[in-house]
Amino acid sequence: LTLRPPIARSNEKNWISVQAKYLDELSDMAERYEVPIICGGDVFHTWNSPPELINFAIERLPLMYAVPGQHDLPLHNYQDMHKSAFYTLVKAGKIRLLQPNMPEVVDDLVLCGFPWGHRIIPYCAFMQTHPGKIPIAVIHQYLWNSPENSFTGAPEDRHLRALSKSGALDWYKFAVFGDNHKRFTATCNGCAVVNNGGFLRRCADEVEHAPSISLLCADGSIRPVRMDK
């Protein structure tokens with residue numbers, strides 16, 4: 001979210017209303033499918049967003065479970081999150097913060113948060129006390145698996161095969177990633193991975209991007225639902 005349109009959308013007469021349309025559509029979808037909203041971070045483009053934008057988010061943002069991305073954190077520092085616009089939404093009750101080392105039970109799900117800069121780990125002991133729940137990792141970290149969803153020189157240690165070799169996701173049924181603006185889905189050692197991409201088109205190279213949400217289904221599948229049709 002930004003108060004002013006990015007350069008590629010500078011012809012928009014009312015950028016706030018454009019963003020409101022997407023947020024309203026997201027809220028409607030959550031009600032239609034009766035599901036919680038899970039966000040992989042970077043709610044704001046800058047951590048010190050102006051009060052006008054924060055007030056807009058308080059008014060229009062649907063309740064969501066989220067981790068902060070690097071854009072949400074002062075100097076990308078998780079310890080300074082309390083200074084940020086993101087944390088204002090936490091205090092306002094618009095965002096349920098998924099904190100590291102504190103899995104959260106939501107209906108039949110266990111949401112495990114890994115904000116920017118945090119290592120992915122399993123929570124085996126916690127899950128032993130919550131049998132039958134579906135473990136979901138919510139991660140803000142760059143991830144790619146092909147030239148179509150990366151950039152020239154993308155780090156190899158952020159490729160899906162490196163994650164597969166590490167075994168970091170072996171324990172999870174789903175993993176929701178933020179940071180990479182190019183949408184893709186994949187599997188990693190039995191874990192269904194979704195990198196949803198940008199929530200809306202912001203840059204010139206996103207003209208072909210189809211903003212969408214991803215429905216995480218109980219059978220382990222991921223179903224995209226197109227927005228802005």
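A polar contact is a pair of N or O atoms within 3.5 Å; within protein, one atom must be able to donate a hydrogen and the other to accept it. The model here is predicted, and one such pair sits at the start of helix H1. There, a side-chain oxygen of asparagine 14 comes to within 3.3 Å of the backbone nitrogen of isoleucine 16.

Follow H1 from that point. The helix covers residues 15–33, 19 residues in total. From first C-alpha to last it reaches 28 Å, close to the 27 Å expected at 1.5 Å a residue. Just after H1 comes glutamate 34, with a positive phi of about 55°.

Now look at the buried positions. In H1 these are Trp15, Val18, Gln19, Ala20, Tyr22, Leu23, Glu25, Leu26, Met29 and Ala30. An α-helix has 3.6 residues a turn, so residues three or four places apart point the same way. What do the buried residues of H1 pack against? Their partners are helix H2 (51–60) and three strands: E2 (64–66), E10 (212–216) and E11 (222–226).

Turn next to the open sheet. Its 6 strands run in the order E4-E5-E6-E7-E9-E8, and the pairing is mixed. Strand E4 (104–106) and strand E8 (184–188) are at the edges. Each has a single partner strand, so one side of each lacks a neighbour in the sheet. From one strand to the next, the twist averages 25°.

Take the E4 edge in detail. E4 and strand E5 (residues 109–114) run antiparallel, joined by 3 bridges. Within this pair, valine 105 stands opposite valine 110 in E5.

Notes: Residues numbered from 1 in each chain as written. Predicted model: local features only at pLDDT ≥ 70, side-chain atom pairs only at ≥ 80, totals over all residues. Heavy atoms only, no water. Pairing = 2+ DSSP bridges. Helix = DSSP H or I, 4+ residues; strand = E, 2+ residues; numbered from the N terminus. Axes fitted to C-alpha atoms, helices over the stretch in contact; angles between N-to-C directions. Expected span 1.5 Å × (residues − 1). Buried < 20%, exposed > 50% of the residue type's maximum accessible area, 1.4 Å probe, protein only. Contact = heavy atoms within 4.5 Å.
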